[in-house]
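Reader: I have a structure open and some time before my next gel. Can we go through it?

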Amino acid sequence: MFRPVLIFGAVLALVGCTESASRAQSSSSEPATAAPGRGKGYAHDPFPSTYRAYPGAATLVTNVTIFDGEGGRIDNGAVLFRDGKIVEVGQNLSAGSGVTVIDGRGKYVTPGVIDVHSHLGDYPSPGVEALSDGNEMTGPVTAEVWAEHSVWPQDPGFSRALTNGGVTTLQILPGSANLFGGRSVTVKNVYARTMQAMKFPGAPYGLKMACGENPKRVYGSKGRAPATRMGNVAVDRQTWAKAVEYKRRWDKFEDKGGEAPSRDIAMDTLRGVLEGEILVHNHCYRADEMAVVMDMAKEFGYKVTAFHHAVEAYKIADLLKANQTCAAVWADWYGFKMEAYDAVNENLAILEKEGACAMIHSDDQNGIQRLNQEVAKARSAGIKAGFDISEASAWRWLAINPARALGIADKTGSLKPGKMADVVLWNGNPFSVYTRPQMVWVDGALLYDANNPKLRPVSDFELGQPGEGDVK
């Protein structure tokens, strides 16, 4: 799919001539500002998260089958959470006083689904041109744009993803028209008045990059570079070379002081990548291009966190594992353009077998509502090919693996004590097409209950409209 600057006070130090009085004054004897300190030259997070969890109640869900998100399964299990955090997971847990007990006999509990690739909010519903804000198609390098500045919190797609798909966390990315599409943002799937009130606290930013057909088609059709795959790589490398020099100038200022370099918002983002603060999420289909990109990353000293779409990832599972780079893939989307042609339905299963980090993703406002079914398809293809993939291990493709790729695995992605109580109670086996969420908690707050019409999230945009709150 195309889909604070802190101005530090001048601390002047007069540097006297230490050698001969007759010697000409050197530039180093000029008064200079003191070094502000590494990383303090400008604000790295000028739009900080203001997220506050909705109020919740201490809850114990009993008599359920649990997939813990890290490959573990507990039959006849129970999950206790309180104050927004998982307290205990196991069997025969005691509720204690003041705890709401839910008997989930015959049902399943999982951590909330995490979608590592979404365009909700910047390609919202209704899908009209006036709301199409995901691609800044004005140049192949637009690292200066931030997806969060297009996110419309009222997008009805957020509630559909929560109630139909159990999605509690998602990364919203710019589209893939550009080589450097801009920053992504990770959000909690809650309604809020502002995008900052949805931002996942402490989640690192991402940088969306793209290789292959999209950039060369968009800009080649305009008679400008890049028009070929070699043009893609050339523009990438030129841009990273500038970023390395930009980082060198800012590092020198922050370490030694002097006059601050001029700010470049695009280079700020790329410097963040080179510092390891910002994670690269690269749209890429072909195995050979992914290999080139990983070599380019080594040349300039950064790391690709994940390739997205990665239709041919199965061909280079060993390279992905060696480079500690994840692959976010579909179960069976392929063939819609040439670079998406050489797919196999066993892609996820092969990556799993070879020990590479792999996960499912949506890239679609409808697909995000049934990622559990997408994993069911991918698992089934793997089993037919002779790979032994348990249901519990497959759930990692929806939970801990995307959490790792987003840099938030210490906070969410599994049902472990101390982590956020992002929990889904499914009304049956979540690998069945007949199953859907019955209850969804985000940070321990019950935001959806299929049996309670008052607990169905509705955006301001939908209020008073026909079908308001309809999540079928």
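Author: What follows is a talk through a predicted model, taking the core, a pair of helices, some salt bridges and a few single residues.

Reader: Start with the core. Which residues have the most contacts inside the largest nonpolar core?

Author: Those are Leu 207, Trp 240, Tyr 302, Phe 307, Leu 320 and Leu 351, in a core of 86 residues. Helix α5, residues 287-300, supplies the largest share of this core, seven residues.

Reader: And is there a second core, or what else is there? Which residues does it include?

Author: A separate second core has 14 residues, among them Val 61, Phe 81, Leu 415 and Trp 441. As a general point, nonpolar side chains in soluble globular proteins tend to be buried together.

Reader: Back to Tyr 302. What is it in contact with, leaving aside neighbours within four places in sequence?

Author: Tyr 302 is in contact with Trp 240, Val 273, Leu 274, Val 280, Val 293, Met 296 and Ala 297, with those neighbours left aside. Of these, Trp 240 also appears in the α3 side of the contact between α3 and α4, and Val 273 and Leu 274 appear in the α4 side.

Reader: Then do the helices. At what angle do α3 and α4 pack?

Author: The angle is about 80 degrees, and the axes are 9 Å apart. Angles of 65 to 115 degrees count as roughly perpendicular, so α3 and α4 are roughly perpendicular to each other.

Reader: Which residues meet there?

Author: From α3, the list includes Thr 239, Trp 240, Ala 243, Val 244, Lys 247, Trp 250 and Asp 251. From α4, they meet Met 267, Asp 268, Leu 270, Arg 271, Val 273, Leu 274 and Glu 275.

Reader: Why call α4 largely enclosed by the rest of the structure?

Author: Because nine of its eleven residues are buried. The buried residues are Ala 266, Met 267, Asp 268, Thr 269, Leu 270, Arg 271, Gly 272, Val 273 and Leu 274. What they pack against is β7, β8, α3, β9 (279-284) and α5.

Reader: There's a glycine in that list. What does Gly 272 touch, leaving aside neighbours within four places in sequence?

Author: Gly 272 is in contact with Glu 277 and Ile 278. Gly 272 has 5% relative accessibility, so it counts as buried. Gly 272 and Gly 206 are 66 residues apart in sequence and 9.6 Å apart in space, C-alpha to C-alpha.

Reader: There's an arginine in α4 too. Which residue meets Arg 271 in a salt bridge?

Author: Asp 251, at 2.9 Å from N to O. Arg 271 lies in helix α4 (residues 265-275) and Asp 251 in helix α3 (residues 229-256), so the pair ties together parts 20 residues apart in sequence.

Reader: Are those two buried or exposed?

Author: Arg 271 is buried, with a relative accessible area of 1%. Asp 251 is at 9% and counts as buried.

Reader: How many salt bridges does a search of the whole structure find?

Author: The search finds 33. One of them joins the side chains of Lys 199 and Asp 45, 4.0 Å from N to O. That pair links distant parts of the chain, 154 residues apart: Lys 199 is in the loop between β7 (180-188) and β8 (206-210), and Asp 45 is in the segment before β1 (59-67). Lys 199 is buried at 6% relative accessible area, while Asp 45 is partly exposed at 41%.

Reader: Any others worth a look?

Author: Glu 354 and Lys 353 also form a salt bridge, 3.4 Å from N to O. Glu 354 is partly exposed at 35%, and Lys 353 is exposed at 55%. Elsewhere, salt bridges that share partners join Arg 38, Lys 247, Asp 251, Glu 254, Asp 255, Arg 271 and Glu 275 into one network.

Reader: Change of topic. Which residues does UniProt list for a domain?

Author: An unreviewed UniProt entry lists residues 347-444 as "domain: Amidohydrolase-related". Over residues 347-444 the chain is 32% helix and 13% strand, with the end C-alpha atoms 35 Å apart.

Reader: Last one, Gln 438. Which strand is it found in?

Author: Gln 438 is in strand β14, residues 437-442, and is buried at 15% relative accessible area. Not counting residues up to four places away in sequence, Gln 438 touches Lys 107, Leu 425, Trp 426, Asn 427, Tyr 448, Asp 449, Ala 450 and Asn 451.

Technical notes
Residues numbered from 1 in each chain as written. Predicted model: local features only at pLDDT ≥ 70, side-chain atom pairs only at ≥ 80, totals over all residues. Heavy atoms only, no water. Core = buried A, V, L, I, M, F, W, Y, C linked by side-chain atoms within 4.5 Å. Buried < 20%, exposed > 50% of the residue type's maximum accessible area, 1.4 Å probe, protein only. Helix = DSSP H or I, 4+ residues; strand = E, 2+ residues; numbered from the N terminus. Contact = heavy atoms within 4.5 Å. UniProt positions renumbered as here; feature names shortened; annotations may be inferred. Axes fitted to C-alpha atoms, helices over the stretch in contact; angles between N-to-C directions. Parallel < 35°, antiparallel > 145°, perpendicular 65-115°, else oblique.
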